[in-house]
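Please look at the sequence together with the fold before reading on. The report below is meant to be followed with both in view.

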Amino acid sequence: MKEKIDEVIRHVEKSDKISVENKPLILEKLHEWRSEDDAISEVSLRFETWWMEMEPIFAELGWV
C-alpha cells in the first residue's frame, strides 16, 4: 500500500494540473494515509472536492 501512495505522491508533486492552493492539502492527506491499509479506497471519497484535479493522476495510474 505504501508503494501505491508513494506513487500518487510523486505524481501529485510533479503535476501541473493541481492548483497551488490544493496541492499541499492533498499531499498532507496522502502522507497521513500512507500507512493505512484501506487508504486507496478512501482517497477518492475524501478528495471529492479535489476530484477534478486528482482524476487525471488516477487515470494516468490506471486506477479509474
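The paragraphs that follow go from the overall architecture to the core, the last helix, the charged pairs and the aromatic rings.

**Overall architecture**

The model is a predicted one. The protein has four helices and zero strands, and its order along the sequence is α-α-α-α. Of its 64 residues, 36% count as buried, while the surface that the protein exposes comes to about 4,200 Å², with carbon and sulfur atoms supplying 50% of that area. If one takes the contacts between residues at least 6 apart in sequence, 54% of them join residues at least 24 apart.

**The nonpolar core**

The largest nonpolar core has 13 residues, and the members that touch the most other members are Val-8, Val-12, Ile-18, Ile-26, Leu-30 and Met-54. Two or more residues of this core are given by each of helix H1 (2-14), helix H2 (22-33) and H4, and the largest share, four residues, comes from H1.

Ile-18 offers a useful view of how these parts meet. Leaving aside residues up to four places away in sequence, Ile-18 touches Val-12, Lys-23, Ile-26, Glu-53, Met-54 and Ile-57. The C-alpha atom of Ile-18 is also separated by 9.9 Å from that of Trp-51, although these two residues are 33 residues apart along the chain.

**Helix H4 and its two sides**

Which residues of helix H4 (residues 51-60) are buried? They are Glu-53, Met-54, Ile-57 and Phe-58. These residues lie on the same side of H4, because the arc that they cover around the axis is only 125°. This fits a general property of such helices: an α-helix has 3.6 residues a turn, so residues three or four places apart point the same way.

Other residues of H4 are more open to the surroundings by the calculated areas. Trp-51, which is found in helix H4, is partly exposed at a relative accessible area of 26%. Glu-60, also found in helix H4, counts as exposed because its relative accessibility of 54% is over the 50% cut-off. Even so, Glu-60 has contacts beyond its sequence neighbours: when residues up to four places away are not counted, Glu-60 touches His-11 and Lys-17. Glu-60 and Val-8 are 52 residues apart in sequence, yet their C-alpha atoms are 9.9 Å apart in space. After H4 comes Gly-62, whose phi is positive, near 80°.

**Charged pairs**

Side chains of opposite charge can pair when their charged atoms come close. How many salt bridges does a search of the whole structure find? The search finds two salt bridges, and they are set out in the table with the N to O distance of each.

| Pair | N to O distance | Location |
|---|---|---|
| Arg-34 and Asp-6 | 2.6 Å | Arg-34 in the loop between H2 and helix H3 (39-46), Asp-6 in helix H1 |
| Lys-29 and Glu-32 | 3.1 Å | both in helix H2 |

The pair of Arg-34 and Asp-6 ties together parts that are 28 residues apart in sequence, because Arg-34 lies in the loop between H2 and helix H3 whereas Asp-6 lies in helix H1. Arg-34 is partly exposed at 30% relative accessibility, and Asp-6 is partly exposed with a relative accessible area of 22%.

Lys-29 and Glu-32, by contrast, are three residues apart within helix H2, about one turn of the helix. Lys-29 counts as partly exposed at 31% relative accessibility, and Glu-32 is partly exposed too, with a relative accessible area of 41%.

**The aromatic pair**

A pair of aromatic rings is described by the distance of the centres and the angle of the planes. A search of the whole structure finds one aromatic pair. It is formed by Phe-58 and Trp-63, whose ring centres are 5.9 Å apart and whose planes stand at 25°, so the pair is stacked. Why does this angle count as stacked? The reason is that planes under 30 degrees apart are placed in that class.

The two partners differ in their cover. Phe-58 is buried, with a relative accessible area of 6%, and Trp-63 is partly exposed, with a relative accessible area of 30%. Phe-58 is also one of the buried residues of helix H4.

Key. Residues are numbered from 1 along each chain as its sequence is written. This is a predicted model: local features need pLDDT of at least 70, side-chain atom pairs count only at pLDDT 80 or more; totals for chains, interfaces and linings use all residues. Side-chain values use heavy atoms; hydrogens and water are left out. Buried means under 20% relative accessible area, exposed over 50%, partly exposed in between (1.4 Å probe, protein chains only). The arc is that of the directions from the helix axis to the C-beta atoms. A nonpolar core is a set of buried Ala, Val, Leu, Ile, Met, Phe, Trp, Tyr and Cys residues joined through side-chain atoms within 4.5 Å. Contact means heavy atoms within 4.5 Å. A salt bridge is a side-chain nitrogen of Lys or Arg within 4 Å of a carboxyl oxygen of Asp or Glu. Accessible areas come from the Shrake-Rupley method with a 1.4 Å probe; for residues, only the protein chains shown count as cover. Rings of Phe, Tyr and Trp (its six-membered ring) pair if their centres lie within 6.5 Å; planes under 30 degrees apart count as stacked, over 60 as edge-to-face and the rest as tilted.
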